[in-house]
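Let's take a walk through a protein model together. Have the sequence and the 3D view open, and follow along one piece at a time.

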Amino acid sequence: MPEGPEIRRAADRIEQQIGGRVVDDAWFAFPELAEQAASLIGVRVLRVDTRGKAMLIGFADQRVLYSHNQLYGVWKLHKEDKPPSTRRSLRVRLTTEGRCASLYSASDISLWHEDNLAEHPFLSRLGPDLLSQAVTPLQVQQRLSLKQFHRRSLGALLLDQGFVAGLGNYLRSEILFYAQCHPKQRPVDLTEQQRQQLAVCIIETTRQAYEQAGVTNKQSWIEQAIAVGEPRRQWRFSVFERAGLGCHRCGQVIERMMVGSRRLYWCPGCQSNTP
């Protein structure tokens with residue numbers, strides 16, 4: 001599943017494609033949306049935003065198109081007269097000035113008034129979005145101390161969208177490595193300085209993944225990894241996908257474990273502290 005940085009980058013591309021333009025045509029696969037398609041014609045697309053892994057396309061009439069890619073959804077951008085060649089099922093198509101943004105394969109799609117958006121069952125449970133909202137390290141640090149979070153293992157907590165929105169599997173491994181925290185540690189086990197460092201890593205690693213198209217590794221380590229022949233799926237990360245390889249920082253062999261039925265990569269040397 002795409003994580004917050006990938007969804008935010010997709011939103012940027014969609015905004016470049018149709019943002020600020022008037023809808024000339026709208027098409028929806030689902031009947032409850034199809035009956036509203038005509039009412040979007042002539043309405044301007046004001047903005048394209050994200051909350052975690054959800055896409056929010058806002059219109060000038062205060063309606064918002066919510067979509068969640070889940071595992072298989074994908075947005076494709078194209079000219080109106082050149083639809084993409086794909087076997088995927090078309091779910092949404094918005095056309096402005098001959099430019100199209102088309103959503104394929106997703107099933108979680110709905111149209112809301114912006115005044116009621118906070119009532120959406122998924123959005124209402126989300127924590128702050130690290131890429132679409134002005135979130136500070138202090139705010140993240142304070143959330144680590146909240147009763148519902150402070151006794152949960154970090155390996156599980158960093159996948160909880162109610163803690164902060166947009167984190168996923170690769171970001172979890174990378175954040176814990178940079179913060180030098182063991183996945184089984186809990187916020188309550190950390191010193192204040194460690195919580196500060198973790199909060200900084202949560203924000204900085206996520207923003208780097210957004211700015212560098214999913215690359216979370218340090219440039220000097222990337223150069224070393226490329227020099228020994230590592231493929232991109234490995235050199236783009238510091239620990240994720242690197243089980244059996246040496247840690248860039250300390251040289252110990254990166255290990256893989258399962259946390260919450262999902263794989264997590266970590267360094268026994270750099271992340272040796274356990275509760």
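**Starting from a covered helix**

Helix H5, which covers residues 169-179, is mostly covered: 11 of its 11 residues are buried. Keep in mind as you look that this is a predicted model. If you click along H5, the buried residues include Tyr170, Leu171, Arg172, Glu174 and Phe177. So the list isn't just greasy side chains: Arg172 and Glu174 count as charged, and both are among the buried residues of H5.

What do the buried residues of H5 pack against? Quite a list: helix H1 (4-18), helix H4 (154-157), helix H6 (192-211), helix H7 (219-227), strand S9 (255-259) and strand S10 (262-266). Once you reach the end of the helix, H5 is followed by Gln180, whose phi is positive, near 55 degrees.

Now for the nonpolar cores. The largest one has 39 residues, and Phe163, Leu198 and Ile202 touch the most other members. Helix H3 (137-144), H4, H5, H6, S9 and S10 each supply at least two residues of this core. Our helix H5 gives the most to it, with 7 residues. Try zooming in on Leu198: leaving aside its neighbours within four places in sequence, Leu198 is in contact with Leu144, Leu154, Ile175, Leu176, Ala179 and Leu190. Three of those names may ring a bell, as Ile175, Leu176 and Ala179 are buried residues of H5. There's also a second, separate core of 27 residues, and its members include Ile14, Met55, Ala106 and Ile109.

Next, swing over to some strands. Strand S6 (residues 90-96) is mostly covered too, with 5 of its 7 residues buried. Strand S1 (residues 25-28) pairs with S6 in the antiparallel sense over 4 bridges, and the bridge partner of Trp27 in S6 is Arg93. S6 also pairs with strand S7 (residues 99-104), again in the antiparallel sense, over 6 bridges. Here, Leu90 has Tyr104 in S7 as its bridge partner. S6 and S7 form a hairpin with 2 residues between them, and Glu97 in the turn has a positive phi of about 50 degrees.

Last stop: empty space. How many cavities of 30 Å³ or more are there? The count comes to 1, and about 40 Å³ of space lies in the largest cavity. Its lining is made up of Gly4, Gly52, Asp129, Leu130, Leu131, Ala165, Gly166 and Thr206. Those lining residues divide into 3 nonpolar, 4 polar and 1 charged.

How values were computed: Residues are numbered from 1 along each chain as its sequence is written. This is a predicted model: local features need pLDDT of at least 70, side-chain atom pairs count only at pLDDT 80 or more; totals for chains, interfaces and linings use all residues. Side-chain values use heavy atoms; hydrogens and water are left out. On a 1 Å grid over the protein atoms alone, a cavity is a set of points where a 1.4 Å probe fits but cannot get out, and a pocket is an open set with protein on both sides within 12 Å along at least five of seven lines; lining residues have an atom within 4 Å of a point. Grid points are joined across faces, edges and corners, and a volume is the space filled by probe spheres set on the points. Buried means under 20% relative accessible area, exposed over 50%, partly exposed in between (1.4 Å probe, protein chains only). Contact means heavy atoms within 4.5 Å. A nonpolar core is a set of buried Ala, Val, Leu, Ile, Met, Phe, Trp, Tyr and Cys residues joined through side-chain atoms within 4.5 Å. Two strands pair if DSSP finds at least two bridges between them.
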